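Work through the exercises below with the sequence and the 3D view side by side. Try each task on your own before you read the solution that follows.

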Amino acid sequence: MSKSPDEFIKELLSGREAPHKGRATQVLLTQGKLTKDQVKMWVKQYHYYRVNVPRKELYILANCPIREVRMERMKKYIEEEDDRVLGGTVGPHAETWLKLGEGLGIAREEMEGFRDLVPEYRLLCDSWVNYARDHSWLEGAALSFDEDVGTGKSGARMKMAEALAKFYGAPDWALVHYQVHAELDIDHGSQTHELIRKYARTDEQQEGVRRAVRFKRAFRQLEDRCIRIACKIDPALYAELD
């Protein structure tokens, strides 16, 4: 039997894990326990995720038969692709990640060439894009259910920005990615919750959303393992977090 919208959202929220479980490497970064070379390798890996966000959004739009939803999701896609189309000033969000790399001393061509991208992370990111392609628009949208985790001006992501400046020498101009997403991801998360409230009404729809949310949570854990491999981080550092 399907749950009410409030009960269903409450169920999904109850499955969230502590940040150090799914993003342990980012916790170590915030604590200043990684080397700068390890942080640079992490930035180079994550760039592949960032450039694929617009592709994932386009698959959700293509799969959606509801005009009102497409119009709402179009704004999210354009914000990621290049918000200047809507009169914004940020530009492509993947460009903000390139700025972080440049601020840490990574050449742009090194980032864009993905020559240090480990195959494990490439395959993982491709599976995430393909999930949006091969499932319903609602399940694709549900991949962003946890997007609001760690956001806000005092959230974990801004603490990462502070750590990047304090421990790794990133200049202020290189931290625009975090400045943009600190508030924007809160909106994206709440919009996803409202879509689920409105459109995940049947048993089948709710089960599809459950699977998508579980997929993305598993993705984050596997992503962290890929980063550990790429950055060659001492396992003992992770043991200290448990």
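**Exercise 1.** Find which element provides the largest share of the lining of the second largest cavity, and describe the residues of that lining.

*Solution.* In this predicted model, begin with the residues themselves: the second largest cavity is lined by Glu72, Arg73, Lys76, Gln191 and Thr192. Next, place them on the elements, where helix H5 (67-82) and helix H11 (176-199) are the ones that give two or more residues to this lining. H5 supplies the largest share, with 3 residues. Then sort the lining residues by type, which gives no nonpolar, 2 polar and 3 charged residues. Finally, note the volume, as the second largest cavity holds about 30 Å³ of space.

**Exercise 2.** Determine how many cavities of 30 Å³ or more a search of the whole structure finds, and work out what lines the largest cavity.

*Solution.* The search of the whole structure finds 2 cavities of 30 Å³ or more, and the largest cavity contains about 70 Å³ of space. Its lining is made of Arg23, Thr25, Gln26, Trp42, Tyr46, Tyr121, Glu223, Asp224 and Ile227. When these residues are assigned to elements, helix H3 (24-30), helix H4 (36-63) and helix H12 (203-231) turn out to give at least two residues each, and H12 gives the most, with 3 residues. By type, the lining of the largest cavity divides into 4 nonpolar, 2 polar and 3 charged residues.

**Exercise 3.** Identify the salt bridges that Glu57 forms with Lys56, Arg73 and Lys76, and decide whether Glu57 is buried or exposed.

*Solution.* Start from a general idea: side chains of opposite charge can pair when their charged atoms come close. Take the partners in turn, beginning with Lys56, whose salt bridge with Glu57 has its closest N and O atoms 2.6 Å apart. Both Lys56 and Glu57 are buried. In the salt bridge between Glu57 and Arg73, the closest N and O atoms are 2.8 Å apart. Because Glu57 lies in helix H4 and Arg73 in helix H5, this pair ties together parts that are 16 residues apart in sequence. Glu57 also meets Lys76 in a salt bridge, at 2.8 Å from N to O. Here Lys76 belongs to helix H5 and Glu57 to helix H4, so the pair links parts that are 19 residues apart in sequence.

For the burial step, compare each relative accessible area with the cut-off, since buried means under 20%. Glu57 has a relative accessibility of 0% and therefore counts as buried. Arg73, with 5%, is buried, and Lys76, with 4%, is buried as well.

**Exercise 4.** State how many salt bridges the structure holds, and name the residues of the network that includes Lys3.

*Solution.* Count first, which gives 25 salt bridges in the structure. Then follow salt bridges that share partners, and Lys3, Glu11, Glu207, Arg210 and Arg214 are joined into one network.

**Exercise 5.** Locate Asp146, and find which residues it touches, leaving aside those up to four places away in sequence.

*Solution.* Asp146 sits in the loop between helix H9 (137-142) and helix H10 (156-168). With residues up to four places away in sequence set aside, Asp146 touches Arg16 and Arg217. As a last step, look at the side chains of Asp146 and Arg217, which are joined by a polar contact of 2.7 Å.

Methods:
Residues numbered from 1 in each chain as written. Predicted model: local features only at pLDDT ≥ 70, side-chain atom pairs only at ≥ 80, totals over all residues. Heavy atoms only, no water. Helix = DSSP H or I, 4+ residues; strand = E, 2+ residues; numbered from the N terminus. Polar contact = N/O pair within 3.5 Å; in protein donor to acceptor, adjacent residues only side chain to side chain. Contact = heavy atoms within 4.5 Å. 1 Å grid on protein atoms, 1.4 Å probe; cavity = no way out; pocket = protein on both sides within 12 Å on 5 of 7 lines; lining within 4 Å. Points joined across faces, edges and corners; volume = space filled by probe spheres on them. Nonpolar A, V, L, I, M, F, W, Y, C, P; charged D, E, K, R; others polar. Salt bridge = Lys/Arg side-chain N within 4 Å of Asp/Glu carboxyl O. Buried < 20%, exposed > 50% of the residue type's maximum accessible area, 1.4 Å probe, protein only.
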